[in-house]
Amino acid sequence: MTKNNDDALVRHGSNALAVRESREEFITPAADIFETPIAFVLRLDLPGAARDGIQVNVEAERLSIKGRLEKLHAEKTNVLYHEIAGKSYYRMFNLTAGIASDRIEAEFQDGVLSVTIPKSERMTTKEIRIQ
Amino acid sequence: MRLIRWNPTRELSSVPTELWNIQRDFNSLFGAMTGGNQDDGSSGLSLWTPAVDISEHENEYHVKVELPGINKDDVKITLESNILTIRGEKKQEEDVKEEGMHRMERVYGSFRRSFTLPTVVKESEIGAIYKDGILMITLPKAEEVKPKQIEVKVK
């Protein structure tokens, strides 16, 4: 398969996000995207996100991911180093055609969110045997 | 109480990381036209710097390190003459195949960070927990450095 249809999955995703983010305190989580014969897989780093505060939404061909960070410090502490920034994670991706958006699955482990987006029947790679 | 004095020469070691971060930002701006910039870890160079929060409490220090997706066996924490060092390697997940890769923004490779602790800690009671991508190290202060309240009688 060519890589041409991949851009459709993520096209404008980060640009649209940048505009939104300038107004709100979101961290854009780093993402890896890879493709298997039957699905696209998004993998995002959401360290410290509260498991019950992660939302993966699919709406009008857009996939959005939100995560709320657990409270970083108890009160009345003396902070010596402060590099872990932000209150929540947010990122949005545009979905291409040919995706079975009703079968998207997400899993959160060790601070990494994996979202599996199955391809619809006609998009899956089929091997054709030569007779 | 200050943790450490800022040492500009120490910062020099992080310059390659900074450059790499700039390159990464450019790549994401222009749609990641280039391939990955990951190191296979074999060079032994630290290619990324995990973010760290350190807080001081009455009886202990808390060190929080952002390490999403790491195998906890690949992290090593050492304390040597009051210098806490956290080192390790983040490996790529095994189900990822290069030919199917479309975008690669997450970092992989080895890292190392060191901190000089402001006071003596009880080495035997240092604890570390890894949960939801955060490594939390608890370092209890040694008895002799805990603040003591001394009552002065006014005559």
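Two strands pair if DSSP finds at least two bridges between them. That is the sense in which pairing is used for this predicted model, and a good place to start is the spot where the two chains meet strand to strand. Strand β2 of chain A, residues 31-35, and β5(B) pair in the antiparallel sense, over 3 bridges. Within this pairing, Phe34(A) stands opposite Met101(B) in β5(B), and Ile33(A) stands opposite Arg103(B).

This pairing belongs to a wider arrangement. An open sheet of 5 strands has the order β8(A)-β9(A)-β3(A)-β2(A)-β5(B), with antiparallel pairing. Its edge strands are β8 of chain A (105-109) and β5 of chain B, each of which pairs on one side only. Neighbouring strands of the sheet are turned by 15° against each other on average, with direction ignored.

Now for the contact between the chains as a whole. On the chain B side, 26 residues are in contact with 31 residues of chain A. Three elements of chain B give two or more residues to its side: β1 (52-56), β2 (60-66) and β5 (101-104). The largest share, 5 residues, comes from β1(B). By residue type, this side of chain B divides into 11 nonpolar, 7 polar and 8 charged residues. As for the predictor's own view of the assembly, the complex gets an ipTM of 0.71 and a pTM of 0.69.

Turning to chain A, there are 2 helices and 9 strands. From the N terminus on, the two helices come before the strands, in the run α-α-β-β-β-β-β-β-β-β-β. Of the 131 residues of chain A, 27% count as buried. Among the contacts in chain A with a separation of 6 or more, 58% come from residues 24 or more positions apart.

Strand β7 of chain A (residues 88-94) is a handy one to look at residue by residue. In a regular strand the side chains alternate between the two faces of the sheet. Along β7(A), Tyr89(A), Arg91(A) and Phe93(A) point to one face and are buried. Ser88(A), Tyr90(A), Met92(A) and Asn94(A) point to the other face and are not buried. Strand β7(A) also has partners in two senses. It is joined by 2 bridges to strand β1 of chain A (residues 26-27), and these two run parallel; here the bridge partner of Phe26(A) is Ser88(A). With strand β5 of chain A (residues 62-68), β7(A) shares 7 bridges and runs antiparallel. In that pairing, Ser64(A) has Met92(A) as its bridge partner.

Just ahead of β5 in chain A, the loop between β4 (55-59) and β5 holds Ala60(A). Is Ala60(A) buried or exposed? A residue counts as exposed if 12 or fewer other C-beta atoms lie within 10 Å of its own. Ala60(A) has 6 other C-beta atoms within 10 Å, so it is exposed. The C-alpha atoms of Ala60(A) and Ser101(A) are separated by 10.0 Å, with the two residues 41 apart along the chain.

What about the nonpolar interior? The largest nonpolar core has 20 residues. Those with the most contacts inside this core are Ile33(A), Phe40(A), Leu42(A), Leu44(A), Leu46(A), Leu113(A) and Ile117(A). Ile33(A) thus turns up both here and opposite Arg103(B) in the strand pairing between the chains. Elements of chain A that give two or more residues to the core are β2, β3 (39-45), β5, β7 and β9 (112-118). Apart from this core lies another, of 15 residues, among them Val65(B), Ile70(B), Ile86(B) and Val121(B).

Chain B also has a hairpin, formed by β3(B) and β4(B) with 2 residues between them. In the turn, Ser81(B) has a positive phi of about 35°. The two strands, β3 (residues 75-80) and β4 (residues 83-90), run antiparallel and are joined by 6 bridges. Thr78(B) stands opposite Thr85(B) in β4(B). Strand β3(B) is hardly covered: among its 6 residues, the count of buried residues is 0.

Finally, a word on confidence in chain B. Its mean pLDDT is 78, and 70% of its residues reach 70 or more. Over residues 31-44 of chain B, pLDDT stays under 50. For that stretch the model has 16 contacts beyond four places in sequence.

Technical notes
Residues numbered from 1 in each chain as written. Chains lettered and ligands numbered in written order. Predicted model: local features only at pLDDT ≥ 70, side-chain atom pairs only at ≥ 80, totals over all residues. Contact = placed C-beta atoms within 7 Å. Helix = DSSP H or I, 4+ residues; strand = E, 2+ residues; numbered from the N terminus. Nonpolar A, V, L, I, M, F, W, Y, C, P; charged D, E, K, R; others polar. Axes fitted to C-alpha atoms, helices over the stretch in contact; angles between N-to-C directions. Core = buried A, V, L, I, M, F, W, Y, C linked by C-beta atoms within 7 Å. pLDDT = per-residue confidence, 0-100.
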